[in-house]
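Please walk through this structure step by step, beginning with its sheet and moving outward to the helices, the loop residues and the enclosed and open spaces.

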Amino acid sequence: MLLIKNGRLIDPKTNFDKVTDVLVEGKKIVKIADNIEASGADMIDATGLVVAPGLVDIHVHFREPGQTHKEDIHTGALAAAAGGFTTVVMMANTNPTISDVPTLTQVLASADKEKIHIKTNATVTTNFDGENLTDFEALLQAGAIGFSDDGIPLENSGVVREAFKKAKELDVIVALHEEDSNLNGVLGLNEGIAKTHFGCGGARGVAEYSMIARDVMIAYEVGSKFHVQHLSKAESVKVVEFAQQLGAHVTAEVAPQHFSRTEDLLLEKGTNAKMNPPLRTEKDRLAVIDGLKSGVISVIATDHAPHHADEKNVADVTKAPSGMTGLETSLSLGLTHLVEAGHLSLAQLLSKMTYNPSQLYSFDAGYVAENGPADLVIFSDTEERIISENFHSKASNSPFIGDRLKGVVKYTICDGEIVYQS
């Protein structure tokens, strides 16, 4: 048994917010009450700390198989636990891609060895060819929880419609990375800073919001569930809002980096601030925050994208791969740039990092209740820390190294076991 004493328990599902005790036995929470006594239980004194559902991230890249010099499932799981996450969903852009049952089975077998809950998407199209749908039924039966060609946009609108029709038939989510490559220059650099500082064409906003507009309307016509990944533009928020008002089953996520900083970070941090979609303008940053406040954007997801230091350490920023590690800084970025800044309450932030993403995929996660799962994070929401490069991830490609941020994870508990302790 594990007894958590005197923590501020926040449950985003029920809006419960009170200092109380939590008793865990096995993989379940067995009691929530004041002044619990439990002889023989291990005890955590959570006085002055927040107790919340374990965080849920529906967009991570763990690079296994094929790119394990960047990350593997084990180190990804360690990074997740250190960040307060007890459930994550991997993307399928591995090598080989997760397009068939044997590859999926191999990945899930590796994931099952870890101490947190690791789930995965399969690809929408075979090996990201953009044309031939994978066997949705077989992949779902083998354990996939959804479908995404994240990293490679689906340019063929007919294929998108067929994928949405199949997804509706199976009542499953398709999540897409939205960028029209025909409208883009160098990925990872916003169009303004690309032109003024790097002398090239960059990733244009119209490439993102025009493709979102196409796909939300296809989802509206088909009646399928569609999740927009890591939107970054003010216009994209408006497009999603319009589709939702029509009654489309469309949801959207934003990554912490896009509500935290702007394209100017590239001039400070170089290649570690190169990501796809790129950091945008202050207008865009404020617009995605407004989307979080209104509920148009219901999910915060890291897009955890580790790269080897040698890959990022190039003189020409246009040649570096896009992406940043995110699992170990996500909560702190939210606490600093959303809660402390006065945009969201702590409960609202937690809902977008726990209950809302869990609801998308019907996970038994993201809430705290008696007889519910003993997946919890215990953290200080006021203590500050300087972000260092000593991550649990294999990679340290974060532009937030050196920043002073709010929030320190003290314990992560998954299935009733302490899987991380600071």
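**The sheet and its surroundings**

Strand β10, residues 174–176, runs parallel to β11 and is joined to it by three bridges. In this predicted model, Val174 stands opposite Phe226 of β11. On the β12 side, strand β11, which covers residues 226–228, again pairs in the parallel sense over three bridges, and here His227 has Thr251 of β12 as its bridge partner. As a general matter, the strands of a sheet pair through backbone hydrogen bonds, in either a parallel or an antiparallel sense. These pairings belong to an open sheet of five strands, with parallel pairing and the order β9-β10-β11-β12-β13. Its edge strands are β9 (147–148) and β13, each of which pairs on one side only.

How many of the five residues of β12 are buried? Five of the five are, so β12 is largely enclosed by the rest of the structure. In a regular strand the side chains alternate between the two faces of the sheet. In β12, Val250, Ala252 and Val254 point one way, while Thr251 and Glu253 point the other way, and all of these residues are buried.

Two helices can be read together with this strand, and α7 is a convenient place to begin. The 13 residues of α7 should span 18 Å at 1.5 Å a residue, and the end C-alpha atoms of the helix are 19 Å apart, which agrees. Within α7, the residues Ala234, Ser236, Val237, Val239, Val240 and Ala243 are buried, and what covers the buried residues of α7 includes α6 (205–222), β11, β12 and α10. Just after α7 comes Gly247, which takes a positive phi of about 105°.

Helix α10, residues 282–294, also has 13 residues, and it reaches 18 Å from its first C-alpha to its last, close to the 18 Å expected at 1.5 Å a residue. Its buried residues are Asp284, Arg285, Ala287, Val288, Ile289, Gly291 and Leu292. The cover over the buried residues of α10 includes the helices α7 (234–246), α8 (256–260), α12 (330–339) and α13 (346–353), together with the strands β12 (250–254) and β13 (299–300). After α10 comes Gly295, whose phi is positive, near 95°.

Away from these elements, the loop between α11 and α12 contains Val314, and Asp316 lies in the loop between α11 (309–312) and α12 as well. Is Val314 buried or partly exposed? Val314 has a relative accessible area of 33%, so it counts as partly exposed; Asp316, with a relative accessible area of 34%, is likewise partly exposed. Leaving aside its neighbours within four places in sequence, Val314 is in contact with Thr271, Lys319 and Ala320. Distances relate this loop to other parts of the model: Asp316 and Phe226 are 90 residues apart in sequence and 36 Å apart in space, C-alpha to C-alpha, whereas Val314 and Arg63 are 251 residues apart in sequence and 21 Å apart in space, again C-alpha to C-alpha.

Arg63 leads on to the enclosed space, for it is one of the residues that line the largest cavity. The structure holds one cavity of 30 Å³ or more, and about 30 Å³ of space lies in the largest cavity. Its lining is made up of His61, Phe62, Arg63, Glu64, Met90, Met91, Thr94, Ile98 and Val107, which divide into five nonpolar, two polar and two charged residues.

The open spaces come last. The largest pocket has a volume of about 370 Å³ and is lined by 21 residues, of which Gly151, Asn276, His307, Ser322 and Gly323 lie nearest its centre. Five residues of this lining are nonpolar, eleven are polar and five are charged. The second largest pocket holds about 250 Å³ of space, and of the 20 residues that line it, the closest to its centre are Ala82, Glu328, Arg385, Val409 and Tyr420. The elements that give two or more residues to the lining of this second largest pocket are α12, β14 (376–386) and β15 (404–414). Its lining divides into nine nonpolar, nine polar and two charged residues. Helix α12 therefore appears in two settings, since it is among the elements covering the buried residues of α10 and also contributes to the lining of the second largest pocket.

Technical notes:
Residues are numbered from 1 along each chain as its sequence is written. This is a predicted model: local features need pLDDT of at least 70, side-chain atom pairs count only at pLDDT 80 or more; totals for chains, interfaces and linings use all residues. Side-chain values use heavy atoms; hydrogens and water are left out. On a 1 Å grid over the protein atoms alone, a cavity is a set of points where a 1.4 Å probe fits but cannot get out, and a pocket is an open set with protein on both sides within 12 Å along at least five of seven lines; lining residues have an atom within 4 Å of a point. Grid points are joined across faces, edges and corners, and a volume is the space filled by probe spheres set on the points. Ala, Val, Leu, Ile, Met, Phe, Trp, Tyr, Cys and Pro count as nonpolar, Asp, Glu, Lys and Arg as charged, and the others, Gly among them, as polar. Helices (H or I, at least four residues) and strands (E, at least two) are DSSP runs, numbered from the N terminus. The expected span of a helix is 1.5 Å times one less than its number of residues. Buried means under 20% relative accessible area, exposed over 50%, partly exposed in between (1.4 Å probe, protein chains only). Contact means heavy atoms within 4.5 Å. Two strands pair if DSSP finds at least two bridges between them.
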